[in-house]
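I opened this notebook to record what I looked up, entry by entry, in the structure shown below. The entries go from the whole chain to single elements and residues.

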Amino acid sequence: MNTRAARGRTAAALAGAAALLTLTACGGNGSGAAGAAGGEDAKGRVIEASNGKVTVPADAKRVVSISYATGALLDLGVEPVGTSAIDENNPVELLPSQTERAKKITSIGSGIETNIEKVASLKPDLIVVEGAAAFDWNVKKLEGIAPTLYFGIKTPVDLLNAQEKIAQAVGKEDVFTKLKADYRQKAEQIKNTYGAKLKSVNWAVASSYGNGEFIVDTRTSWVGRILADAGAKFAKASDDGKEHEVTYSQEKIDVLSDADIVLVPRTAATGEVPKEVKELQEKPSWKLLKASKDNHVLPVTYATADRYGTALDVLGRIEEILKGL
């Protein structure tokens, strides 16, 4: 199944999830749960995840990653021995520098359809699952194979929180700290360099999965949070952050009328804007938008930036756009 479409763009997966993910779910997973998050006991590190406090090996060598966890680990310099399938139907958008490495990793299934027997055959000493909380990731079965960290994602910020926990689990806190620092430094650089331009334009982020609807991402969305960190000003439809995305009928395209720049997604696997988004841009009412008339409907890769590695790439794209204004 296409977990990319489902996890971010349907009411079943994410609607109504205004609160941040609470990583204090009741119960353990039988892996030696004890201690505080990020602490250590005699058996290894203790990490607090959605499935409780989990003791993971202090020096895990064979890690299986599921869904977003693959990108999070590769950002940290950790190459899993097994991963969810890496293709355009799965939320594993990798940076160009990571793609070739990832091709060598054994596939253990697509989306939520994890091949449990395949995972077991890889003899992992740690399994990391990072995926939409609305889906069943077979966590209980995975726990029977090896210590399993499950991070159930409800809102975009949960992805960054999960990457920090994953870094603690694999002993890469220093790498994570640098990634985070690099991101904040880049955001401040853009804010300071392009302050005047940032104040003069309204930004919005839009996409579509068809069905006569389109989606506007807000300031608390994946790219919205990055724009906010860089000091961007938002069009009205994107300025309300109560929900990270709002779905509209395509009859309401004019909610984007005050946007000077509209960012639309470009799939990392193909380098193309999705077909449904192209069809949205062909609507007569879309072509009447100021951003469309000014040729300021612009693609951005990693429109669902899930970690600091992809967030840094998005900052680079924002800077590129500002240079061209």
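What follows are my entries on the overall make-up, the sheets, the helix packing, the aromatic pairs and two loop residues.

**Entry 1: the chain as a whole.** I note at the outset that this is a predicted model. I looked up the secondary structure of the protein chain and found 14 helices and 16 strands. For burial, I read that 53% of the 325 residues are buried. I then checked how far along the sequence the contacts reach: among contacts between residues at least 6 apart in sequence, 66% join residues at least 24 apart.

**Entry 2: the parallel sheet.** I followed an open sheet of five strands, whose order is 6-5-4-9-10 and whose pairing is parallel. Strand 6 (106–107) and strand 10 (148–153) are the edge strands, and each has a single partner strand, so one side of each is left without a neighbour in the sheet. Within this sheet I looked at strand 4 and strand 9 (residues 126–132), which pair in the parallel sense over five bridges. As one example of the register, S67 has E130 in strand 9 as its bridge partner. I also asked which element lies across strand 9 and strand 10. The answer is helix 6, which runs at about 170° to strand 10.

**Entry 3: strand 12 and its partners.** I turned next to strand 12 (residues 213–217), where four of the five residues are buried, so this strand is largely enclosed by the rest of the structure. Strand 12 runs antiparallel to strand 11 (residues 202–207), to which it is joined by three bridges, and V205 has D217 in strand 12 as its bridge partner. The hairpin of strand 11 and strand 12 has five residues between the strands, and there I found G210 with a positive phi near 80°. Strand 12 also runs antiparallel to strand 14 (residues 245–249), with five bridges between them, and here F214 is matched with Y248 in strand 14. For reading such a strand I kept in mind that side chains in a regular strand alternate between the two faces of the sheet.

**Entry 4: helix 7 against helix 6.** I wanted to know how helix 6 (residues 156–169) and helix 7 are set against each other, and I read that their axes come within 7 Å and cross at roughly 150°. The two helices are therefore roughly antiparallel to each other, since the cut-off for that term is an angle over 145 degrees. Helix 6 contributes L160, Q163, E164, A167 and Q168 to the contact, and helix 7 contributes E173, F176 and L179. By class, the residues of this contact are four nonpolar, two polar and two charged.

**Entry 5: helix 7 against helix 9.** Helix 7 (residues 173–193) also packs with helix 9 (residues 222–229), at an angle of about 60° and with the axes 8 Å apart. This pair of helices is therefore oblique. On the helix 7 side I listed Y183, A187 and K191, which meet R225, I226 and D229 of helix 9. The residues of this contact divide into three nonpolar, no polar and three charged.

**Entry 6: aromatic pairs.** How many aromatic pairs does the count give? I found four. I examined the pair of F176 and Y308, which is edge-to-face, with 5.6 Å centre to centre and 70° between the planes. This pair links distant parts of the chain, as F176 sits in helix 7 and Y308 in helix 14 (residues 308–324), 132 residues apart. Both F176 and Y308 are buried, and together with Y183 they form one aromatic cluster.

**Entry 7: two loop residues.** Is H296 buried or partly exposed? With 25% relative accessibility, H296 counts as partly exposed; I located it in the loop between helix 13 (290–293) and strand 16 (297–301). Not counting residues up to four places away in sequence, H296 touches D260, I261, V262, A291 and L325. The C-alpha atoms of H296 and L325 are separated by 9.4 Å, with their positions 29 residues apart along the chain.

Finally, I placed A60 in the loop between strand 3 (52–57) and strand 4 (63–67). With the same exclusion of residues up to four places away in sequence, A60 touches D125 and L126. A60 and P124 are 64 residues apart in sequence and, C-alpha to C-alpha, 8.5 Å apart in space.

Key
Residues numbered from 1 in each chain as written. Heavy atoms only, no water. Axes fitted to C-alpha atoms, helices over the stretch in contact; angles between N-to-C directions. Parallel < 35°, antiparallel > 145°, perpendicular 65-115°, else oblique. Contact = heavy atoms within 4.5 Å. Nonpolar A, V, L, I, M, F, W, Y, C, P; charged D, E, K, R; others polar. Phe/Tyr/Trp six-rings, centres within 6.5 Å; stacked < 30°, edge-to-face > 60°. Buried < 20%, exposed > 50% of the residue type's maximum accessible area, 1.4 Å probe, protein only. Pairing = 2+ DSSP bridges.
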